Amino acid sequence: MSEQKGDRHLDHAPGGHKEGAARFSTYAAGLGLALLLTVASFALVGSGAVWAPAIPILLAVLAVAQMGVHLVFFLHITSGPENTNNTLALAFGVMIVVLTVGGTLWIMAHLDHNMMPMAAMAKP
Amino acid sequence: MSGEIADPRHEDRSGGKGDPPGHGEGGPAPKQVTVAFGFWIFLLSDIIMFSGLFASYAVLAPNTAGGPAGSELFELRLVFVETLCLLFSSFTCGVMSIMAVKQRAGATYLWAGLTALLGLSFLAIELYELTHLVLEGAGPTRSAFLSALFTLVGAHGLHVAAGLAWLTVMMGQVATLGFTDAVQRRLLCFGLYWHALDIIWVALFTVVYLYGVMG
């Protein structure tokens, strides 16, 4: 964003479009990319074209890519200096999400592994 | 040292004059920026709440208690149509926000109407799917897997329903108040909310449905 005379506010509102920064074409490009990734995800599961053990990883990659497309093209989150606050907040949110989901899966898998089998518990 | 930018990341953020924004000449950031940033923080905390639901779903998904598993229940065609509805509604919502910035009331109503229609279609398909599950005897009381599924999918569906109510109210405000600054800010927040719901849905259809049908 070019610095205007008398406008020293560099922060952008998330999702905001000043000076027509967000045009119809931005949303159309986002829609196209998101459609491509969505169709790829669903097609991947239906077809047997890919080595089966690789599918979950590929699906995760496609999902993360699509979230990135949504963030950039629909929410207009960029790496520019006017977006520093928004990006930092997002990074913190992502960190908490990773800790919550990853930590839960880790701890619960560990507990599950250490638990006595149901059959052994049922014995007198 | 010519050519070197004194403050490339705008850490000073006062245009080199030494006054941080919020004090002195520059004054505080415009209300549109602070309001949208606050709403962005809310959305991130909402996403963190969803991460808890996702975590519990991921832990409980294998515990079907002898009941049906996801691979026996999910119909990917329906989910694909749901996904398309939400994705296109995100697009129409974006176009609506452009029209709102241009203060074109008629076009704003049109694209808002399309957004609402697509959102309603999404909700209708989801409700059909969930009632179908209950009627098949795979309701939320059947197993831990189904409890977690209904909680996660239901929480997202409730958010979409709330978004539709909000959109209706916003169109009422555009009709009665016009495109005032306050209405513009609320429309901006609504757009953020609607796009964030679509991001959550991307995680949801991948984790629940696509991983689910693979068993």
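Colleague: What makes you say that chain B and chain A are in contact in this model?

Modeller: In this predicted model, 54 residues of chain B are in contact with 51 residues of chain A, and a residue enters that tally because it has heavy atoms within 4.5 Å of the other chain.

Colleague: How do you know how much area is buried between chain B and chain A, and which atoms give it?

Modeller: The area buried between the two chains is about 4600 Å², with carbon and sulfur atoms giving 80% of that area. The figure is summed over both chains, so it should be read as the loss from chain B and chain A together.

Colleague: Which elements of chain B give two or more residues to the side that touches chain A, and what classes of residue are found there?

Modeller: On chain B, the elements that give two or more residues to that side are α1 (31-60), α3 (76-101) and α6 (181-214). By class, the side of chain B that touches chain A has 34 nonpolar, 14 polar and six charged residues.

Colleague: How many salt bridges and how many residue pairs in polar contact does the rule find across this interface?

Modeller: The rule finds zero salt bridges across the interface of chain B and chain A, so no Lys or Arg side-chain nitrogen there is counted within 4 Å of a carboxyl oxygen of Asp or Glu on the other chain. Two residue pairs are in polar contact, both at pLDDT 80 or more.

Colleague: Why is the set of 86 residues called a nonpolar core?

Modeller: The 86 residues form the largest nonpolar core, and the name applies because its members are buried residues of the listed nonpolar kinds, joined through side-chain atoms within 4.5 Å. B:Trp40, B:Leu187 and B:Tyr209 touch the most other members. Elements of both chains give two or more residues to this core: α1 (24-46), α2 (55-74) and α3 (84-114) of chain A, together with α1, α3, α4 (105-135), α5 (144-177) and α6 of chain B. The largest share, 20 residues, comes from α6(B).

Colleague: Which residues does B:Leu187 touch, leaving aside those up to four places away in sequence?

Modeller: B:Leu187 touches B:Met96, B:Ala100, B:Met170, B:Met171, B:Val174 and B:Phe179.

Colleague: What makes each chain helical in your description, and how much of each is buried?

Modeller: Chain A has four helices and zero strands, while chain B has six helices and zero strands. Of the 124 residues of chain A, 33% count as buried, and of the 215 residues of chain B, 48% do; a residue enters either share because its relative accessible area is under 20%.

Notes:
Residues numbered from 1 in each chain as written. Chains lettered and ligands numbered in written order. Predicted model: local features only at pLDDT ≥ 70, side-chain atom pairs only at ≥ 80, totals over all residues. Heavy atoms only, no water. Buried area = accessible area lost by both parts, 1.4 Å probe. Polar contact = N/O pair within 3.5 Å; in protein donor to acceptor, adjacent residues only side chain to side chain. Nonpolar A, V, L, I, M, F, W, Y, C, P; charged D, E, K, R; others polar. Buried < 20%, exposed > 50% of the residue type's maximum accessible area, 1.4 Å probe, protein only.
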